[in-house]
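Biologist: Before we begin, please place the sequence and the structure in view. I should then like to ask about the backbone, the sheet and the ligand site.

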Amino acid sequence: MGRLTDQHKGSGQVTGGSSGIGKCIAIECYKQGAFITLIARDENKLLQTKKEIENYSVNDKQVVLCISVDVSKDYELVENVLRQAQEKLGPVDLLVNCAGTSVTGKFEDIEVNSFERLMGVNYLGSVYPSRAVIATMKERRMGRIVFVSSQAGQLGLFGYTAYSPTKFALRGLAEALQMEVKPYNIYITVAYPPDTDTPGFAEESKTKPLETKLISETSSVCQAEQVARVIVKDAIQGNFNSSVGSDGYMLSLLTSGMSPVTSITEGLQQVVCMGIFRIIGLFYLGSFDSIVRRCMMQREKSESADKTE
Ligand SMILES: NC(=O)C1=CN([C@@H]2O[C@H](COP(=O)(O)OP(=O)(O)OC[C@H]3O[C@@H](n4cnc5c(N)ncnc54)[C@H](OP(=O)(O)O)[C@@H]3O)[C@@H](O)[C@H]2O)C=CC1
Ligand SMILES: CCCCCCCCCCCCCCCC(=O)[C@@H](N)CO
């Protein structure tokens with residue numbers, strides 16, 4: 001963010017900044033000299049994280065501000081608290097929409113209200129803060145907005161019927177918004193992290209179907225620090241697409257569709273590699289289908305064994 005202003009190293013707002021990937025993104029920005037606003041619900045977690053982040057200060061003027069608000073409930077409230085934060089720390093240079101949560105399970109086993117709740121937090125919870133800061137960014141003719149999607153926002157997988165659509169939605173929002181704000185020198189980044197070792201991931205793993213676990217093992221679990229470093233780098237560079245690891249790279253290239261390109265090299269890589277990555281992708285899909293079929297047969301076998309007992 002150092003490039004964003006001459007006066008100070010910029011101001012960053014991170015939703016979901018009190019835990020996991022969001023916390024590491026906040027630390028990464030703070031280490032680069034930025035002023036930080038953490039946005040989440042639980043005040044204790046916020047204060048604890050603020051203390052932790054302050055250990056990384058690079059100058060004595062740096063501030064970490066905490067805001068306790070639900071990003072998915074009341075737009076007016078979100079707009080108000082973000083305005084107050086900007087009055088204290090200056091206009092926001094970087095907004096990172098990282099607040100989010102997941103529910104996994106078979107379609108028929110997921111509570112109906114979970115579909116609505118996840119769309120609320122993961123999608124509307126990214127719309128509201130972005131909508132609240134965009135006018136100022138346009139006036140200043142500068143700014144960066146990050147949407148934290150997921151690899152599960154690039155392809156649909158067993159167990160993610162409630163979660164994936166919310167992460168796909170962010171991509172649509174990001175593409176449309178990028179086209180609107182590019183002439184104002186505002187750049188949007190969509191990040192597609194793989195499974196990442198965080199409190200949220202630990203919670204998700206408790207109830208994850210076996211199929212989802214086996215399929216997800218295709219790509220290894222990343223560290224939140226690494227994911228955060230990549231996201232912050234891509235946001236500063238103004239890259240539309242942000243992915244981690246070789247699976248992440250292939251998946252992003254393969255699903256690039258009509259999304260904007262940031263460089264000629266990126267466009268050329270897509271043109272050259274698309275076909276071959278599709279072939280590799282088909283093999284992955286085949287192996288996912290066979291995992292699902294094997295699990296189904298095993299379940300039926302153990303159910304019929306139970307009945308004959
Ligand atoms: N970990 C993973 O494997 C992956 C995660 N992601 C995505 O990255 C993001 C962060 O995930 P992760 O670090 O694992 O999550 P964590 O559960 O560790 O942290 C979630 C953060 O979001 C905040 N939050 C949740 N709901 C709300 C809300 N309604 N309003 C305001 N803040 C909220 C939480 O604070 P509080 O509860 O106090 O509000 C917390 O700070 C999510 O969007 C997730 O979908 C993407 C790919 C992989
Ligand atoms: C050429 C094509 C290569 C294809 C590789 C496919 C690898 C698929 C693995 C997907 C893992 C799902 C991650 C979801 C993470 C997430 O969002 C939750 N953990 C949130 O808590």
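Biologist: Is R141 buried or exposed?

Modeller: This is a predicted model, and R141 lies in the loop between α4 and β5 (143–148). A residue counts as exposed if 12 or fewer other C-beta atoms lie within 10 Å of its own. Because R141 has 11 such atoms within 10 Å, R141 is exposed.

Biologist: What is the phi of R141?

Modeller: Most residues other than glycine have a negative phi. R141 is not a glycine, yet its phi is positive, at about 55°.

Biologist: Which residue has a positive phi of about 65° although it is not a glycine?

Modeller: The residue lies in the loop between α5 (164–181) and β6 (186–191). With 13 C-beta neighbours inside 10 Å, it counts as partly exposed. The residue with this phi is N185.

Biologist: What is the strand order of the open sheet of seven strands?

Modeller: Pairing in this open sheet is parallel. Within the sheet, β5 and β6 run parallel and are joined by six bridges; the bridge partner of G143 in β6 is I186. The order of the seven strands is β3-β2-β1-β4-β5-β6-β9.

Biologist: Which strands stand at the edges of that sheet?

Modeller: An edge strand here has a single partner strand, so one side of it is left without a neighbour in the sheet. The strands at the edges are β3 and β9 (241–242).

Biologist: How many residues of strand β2 are buried?

Modeller: Strand β2 comprises residues 35–40 and is mostly covered. F35, T37 and I39 point one way, whereas I36, L38 and A40 point the other way, and all are buried. The number of buried residues in β2 is therefore six of six.

Biologist: In β3, which residue is the bridge partner of L38?

Modeller: Strand β2 pairs with strand β3 (residues 64–68) in the parallel sense over five bridges. Together with helix α2 (residues 43–54), these two strands make a right-handed β-α-β unit. The partner of L38 in β3 is C66.

Biologist: In β2, which residue is the bridge partner of Q13?

Modeller: Strand β1 (residues 11–15) pairs with β2 in the parallel sense, over five bridges. With α1, the strands β1 and β2 make a right-handed β-α-β unit. The partner of Q13 in β2 is T37.

Biologist: Which helices each supply at least two residues of the shell around ligand 1?

Modeller: The shell around ligand 1 has 10 nonpolar, 16 polar and five charged residues. The helices that each supply at least two of the shell residues are α1 (20–31), α4 (112–140) and α6 (199–205).

Biologist: Which residues are the closest to ligand 1?

Modeller: In total, 31 residues surround ligand 1. The closest of them are G16, G20, D42, G100 and G200.

Biologist: What is the radius of gyration of the protein chain?

Modeller: The chain has 10 helices and nine strands, and its C-alpha trace spans about 75 × 50 × 35 Å along the principal axes. Among contacts between residues at least 6 apart in sequence, 73% join residues at least 24 apart. Because a compact globule of 309 residues would have a radius of gyration near 19 Å, the chain agrees with that expectation at 20 Å.

Biologist: What percentage of the residues in the protein chain is buried?

Modeller: A residue counts as buried if 20 or more other C-beta atoms lie within 10 Å of its own. Of the 309 residues in the protein chain, the buried ones make up 39%.

Definitions and conventions
Residues are numbered from 1 along each chain as its sequence is written. Chains are lettered from A and ligands numbered from 1 in the order in which they are written. This is a predicted model: local features need pLDDT of at least 70, side-chain atom pairs count only at pLDDT 80 or more; totals for chains, interfaces and linings use all residues. A residue is near a molecule or strand if its C-beta atom, placed from the backbone, lies within 6 Å of it. Helices (H or I, at least four residues) and strands (E, at least two) are DSSP runs, numbered from the N terminus. Ala, Val, Leu, Ile, Met, Phe, Trp, Tyr, Cys and Pro count as nonpolar, Asp, Glu, Lys and Arg as charged, and the others, Gly among them, as polar. Two strands pair if DSSP finds at least two bridges between them. A crossover is right-handed if, with the strands pointing away from the viewer, the path from the first strand over the helix to the second runs clockwise. The radius of gyration is taken over C-alpha atoms; the globule rule is 2.2 Å times the number of residues to the power 0.38. Two residues are in contact if their C-beta atoms, placed from the backbone, lie within 7 Å.
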